[in-house]
Amino acid sequence: MGIRFILMVNKQGQTRLAQYYEWLTLEERRALEGEIVRKCLARNEQQCSFVEHRNYKIVYRRYASLFFLVGVDNDENELAILEFIHLLVETMDRHFGNVCELDIMFHLEKAHFMLEEMVMNGSIVETSKANILSPIQLMDKAS
Amino acid sequence: MGSQGGFYQSKEFLDLVKSIGEARSKAEEDRIVLSEIETLKRRISEPDTPKRKMKEYIIRLVYVEMLGHDASFGYIHAVKMTHDDTLLVKRTGYLAVTLFLNEDHDLIILIVNTIQKDLKSDNYLVVCVALNAVCKLINEETIPAVLPQIVELLAHPKEAVRKKAIMALHRFYQKSPSSVSHLVSNFRKRLCDNDPGVMGATLCPLFDLITNDVNSYKDLVISFVSILKQVAERRLPKAYDYHQMPAPFIQIKLLKILALLGSGDKQASENMYTVVGDIFRKCDSSSNIGNAILYECICCVSSIYPNPKLLESAADAISRFLKSDSHNLKYMGIDALGRLIKISPEIAEQHQLAVIDCLEDPDDTLKRKTFELLYKMTKSTNVEVIVDRMIDYMISINDNHYKTEIASRCVELAEQFAPSNQWFIQTMNKVFEHAGDLVNIKVAHNLMRLIAEGFGEDDNTADSQLRSSAVESYLYILGEPKLPSVFLQVICWVLGEYGTADGKYSASYITGKLCDVAEAYSNDETVKAYAVTALMKIYAFEIAAGRMVDMLPECHSLMEEFLASHSTDLQQRAYELQAVIGLDAHAVESIMPSDASCEDIEVDKALSFLNGYIQESIEKGAQPYIPESERSGMLNISNFRNQDHHEASSHGLRFEAYELPKQTVQARIPPASLASTELVPVPEPVYPRESYQTTTVPSVSSDAASTELKLRLDGVQKKWGRQTHFPSTSTSNSTSQKTVNGITQVDGSNTANSRTRETYDSRKQVEISPEKQKLAASLFGGPSKTEKKSATGHKSSKPSSHMVKSHAPKSSMEVASEKTSPVQQPPDLLDFGEPTVKSTAPSLDPFKDLEGLLEPTTQVSSAVNHSSTAAVTKSPDIMGLYTETPAGAHHKDSDILSGLSNSPMTNMVGGTTTMQVAQTSKSPNLKDSLEKDALVRQMGVTPSSQNPNLFKDLLG
């Protein structure tokens, strides 16, 4: 499976985007988000960007006020996931221009579309920014 | 803001987002969402809603669910939206459906049709969108509905479609491998697709396939190696570069695959050595992504057939990781070390001090990883140090999941490497004391068996010493205020069995302790049952030894309580105890022989000891016993009439519980149906038969001997808990047990925690390095003297490096940020030129080569125009973007402060400052941000101080 979920959470712990690659009920999601957000937000910057949680790991990275949290299986390469997060942010930045939390909030569906291009079935499938963004740009043009 | 990000949404939507963004507490957010739900419920079902408006409603629904509230009232509208002709609207519909519904939801069936239609669309973007949905919504049953179309799409001219079709097949394989087993060759075919994106995606299913069946894919080793080589030689389009590394994510996936294929296969591994060595050399170890690849190389090297040169490179990389100031790299280093020591155990030694630093690091993640490493390198020489450390850590944490894991690891290591029985018992005591309610009950049974059996050698004195020390330690531990139930069970059993065995403690002392336990844990019936049985054993041993039994007054009152207990199990035990005490020494000795817990009990299944009794009865005219199987046909009314009589006579002999469930159900149904229609006949004749069977079976064994036998059996079964005879109470009281344990655990860990901390501190204060050296020696120093010497050799050099490290943490953060920020910028400037580079043909050549290698007939499609659409990137913006100077830490701080301020006055002030901050930090892209602000203001959403972070550049 690899990636189990991708979350964007601000530093108050409010969810800004949530994508799960395995089905969880609303209650399960809520519990999980509360638990891991509490865990990750309590850590300082010197500490590892990885946290073990139950039987998987969370790789997280902070950009300004926003935390990107990715839940991965234990055999996943943590550093690579850390860079995947950065690739995602760079991609969003290329699309929105100086991407900020509000961009993601106002264009939640677009942030999701980018993720749809980058990750399928919990695996990273596309890492070229041009390939990720082209369907979204074409769609924008058409409508 | 350019064309992409224009805020074309309605004011309502912007207001919603703004209020959510500015919500300062979960409660406030909940209020906003709840009122939003009311609005949406009203509005979403209004007729003739324009589709743009509908799309907005659906996104608002996504918000509702994302923030933890139920939006199921709107699901159907999301489903309907997938029918729309406008791509953006359709895709939003699909997105919402994939977020809302799981694949087994009832509404999915309505979408399958739409998906089928969309898969046939002429517009490849529509096909892509449908394929995204296929990956999330199609379940095992609906796979056949779309499978043929997916297979067709594998040959689609657009690479984006082929890529997603492969992933759809991958999904089907994950869901139900058999559904696509005949299509596996497609994955091999797509591996040599013209498009690197399709090739990269194909690695995902291949990885899964190879994980499940390595041997069928050995032929692909050459291809994977050749792809990896070409990727590493930068022969892929520049667009796949990330921070100057060529297609790092594809490299990592390939290395993972090679690790699988080369595992234990010398021949396959030999093909890989060159390319992996090349990557080791080429990787830039100053960037995160370079280190990610290096780490994957180490994993690969430690998995494939060992090669000395590669192992050396791996060891070098590991030492660089461990020496780094970055905690992330240290973590990776520790993990990598754990992999490599399986092949070359000696490598751990040179990093011993780094390992100990990580072990003592305040960062929990690093600490756990290090414990994992220690677990892997445990042997009989260092087991004591490692397990002691693990237990100390186990005591200090509250995370039950990890506590359970580390407790079971301690038990496993202790069982495997214990240097002495005494140590083993003490270790187990600690584990039970602090995590008793988390460990598996089997561990307790193992411990009891070990104490009973000894370590297998026929050394009786050692065994009795073991038991004596166990008894002694348990009597001491009983002084603790709260203990976990499982542990108490072990204690009671051992005290009962061996408490008086060595004559050190008197029976009254042990029984007094047992009574205390039963009283102190009065809501734990399992413990009480163990205590009573233990009391019975002590008294039995006393009687058998010819001593006068003098029951303690508290024991008397306890027995009186149990004799009237609601628990039949407790009652029975109490009565048994009473009965045993009344017997003479000889009888007691045969019922309860001392130290016989390990002796096998022969169960006379034929019940031959009853023969005489049966003979007597038959002679008196009783009916001979007919087995149940032969009896079934003879059932008649007279038997039913006799039922009451039977039951009365055999009442005391029932072994099974009354069979209530079926009968009560049947008994209940008739009255209900009678109420409605009186004519319905009551199906009565069914249940007497059942009760008849249950009563006749036990009636056979009504001898005193059988109760005795039962008594003995009972005790044995309970000790090991293997069979169904295990006290039925154990399930019934599991809940009460838990609450008790909850308290125990908190108490225990708190006291222990402070205790260990004290020792820890005092140890640290004295002198750091000698302590560490000692630890290092005990962890890494093997049995041989030479190893120890080399350990001391390291000592002299290491302390200085440690000193440096202890000063480092403050600056390490800065270093890390310096490291990443300059690196991340240049590549993106390079990326800027990617559209032109990408469409050039030469870069695709390698894959044509590969095609020839693998399958000469595959089509050479014109992949030139692929992603020509990508040329529409807004290049000028990017230039501006990366020349921007990063906003300093001061800005951040002021933002946080103003964000926290509450009064309206400060809000005003804060508002202006943050606006300035936002603008200064965005200065290079002033036009963009001004446009953004203007648009937002136009819509009535002013960037206020309430959540200035909303406007902050993420990459600032």
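Helices are DSSP runs of H or I with at least four residues, strands are E runs of at least two, and both are numbered from the N terminus. On that basis, the secondary structure of chain A in this predicted model comes to five helices and seven strands. Read from the N terminus on, the elements of chain A follow the order β-β-α-β-β-β-α-α-α-β-β-α. Chain B, by contrast, has 48 helices and zero strands.

The two chains can also be described by burial and by the sequence range of their contacts. Chain A has 143 residues, of which 80% count as buried, while chain B has 956 residues, of which 52% count as buried. Among contacts between residues at least 6 apart in sequence, 49% of those in chain A join residues at least 24 apart, and the corresponding share in chain B is 70%.

Within chain A, a suitable place to begin is the open sheet of five strands, whose order is E2-E1-E5-E4-E3 and whose pairing is antiparallel. Strand E2 (15-20) and E3 of chain A form its edges, each of them pairing on one side only. On average, and with direction ignored, neighbouring strands of this sheet are turned by 20° against each other. Helix H4 (residues 108-118) of chain A lies across strand E1 (3-10) and E2 of chain A, and its course makes an angle of about 35° with E2(A).

At the other edge, strand E3 (residues 50-53) of chain A is joined to strand E4 (residues 56-63) of chain A by four bridges, and the two strands run antiparallel. Two of the positions that face each other across this pair can be named: Phe50(A) stands opposite Val59(A) in E4(A), and His53(A) stands opposite Tyr56(A) in E4(A). The hairpin of E3(A) and E4(A) has two residues between the strands, and Arg54(A) in this hairpin takes a positive phi near 50°. In a regular strand the side chains alternate between the two faces of the sheet. Along E3(A), Phe50(A) and Glu52(A) point one way and Val51(A) and His53(A) the other way, and all are buried.

A further residue of chain A to follow is Glu76(A), which lies in the loop between strand E5 (66-72) and helix H2 (78-96) of chain A. Is Glu76(A) buried or exposed? Because its relative accessible area is 18% and the cut-off for buried is under 20%, Glu76(A) counts as buried. Leaving aside residues up to four places away in sequence, Glu76(A) touches Gly2(A), Lys57(A), Ile81(A) and, in chain B, Lys256(B). One of these partners, Lys57(A), is 19 residues from Glu76(A) along the chain, and the C-alpha atoms of the two are separated by 8.7 Å.

In chain B, one helix pair may be examined in detail. The axes of helix H15 (residues 288-303) of chain B and helix H16 (residues 308-323) of chain B come within 10 Å and cross at roughly 135°, which means that H15(B) is oblique to H16(B). The crossing of H15(B) and H16(B) is left-handed. From H15(B), the residues Asn291(B), Leu294(B), Tyr295(B), Ile298(B) and Val301(B) take part in the contact, and they meet Leu310(B), Leu311(B), Ala314(B), Ala317(B), Ile318(B), Arg320(B) and Phe321(B) in H16(B). Sorted by class, the contact of H15(B) with H16(B) has 10 nonpolar, one polar and one charged residues.

Definitions and conventions:
Residues numbered from 1 in each chain as written. Chains lettered and ligands numbered in written order. Heavy atoms only, no water. Buried < 20%, exposed > 50% of the residue type's maximum accessible area, 1.4 Å probe, protein only. Pairing = 2+ DSSP bridges. Axes fitted to C-alpha atoms, helices over the stretch in contact; angles between N-to-C directions. Parallel < 35°, antiparallel > 145°, perpendicular 65-115°, else oblique. Left-handed = near helix turned anticlockwise from the far one by under 90°. Contact = heavy atoms within 4.5 Å. Nonpolar A, V, L, I, M, F, W, Y, C, P; charged D, E, K, R; others polar.
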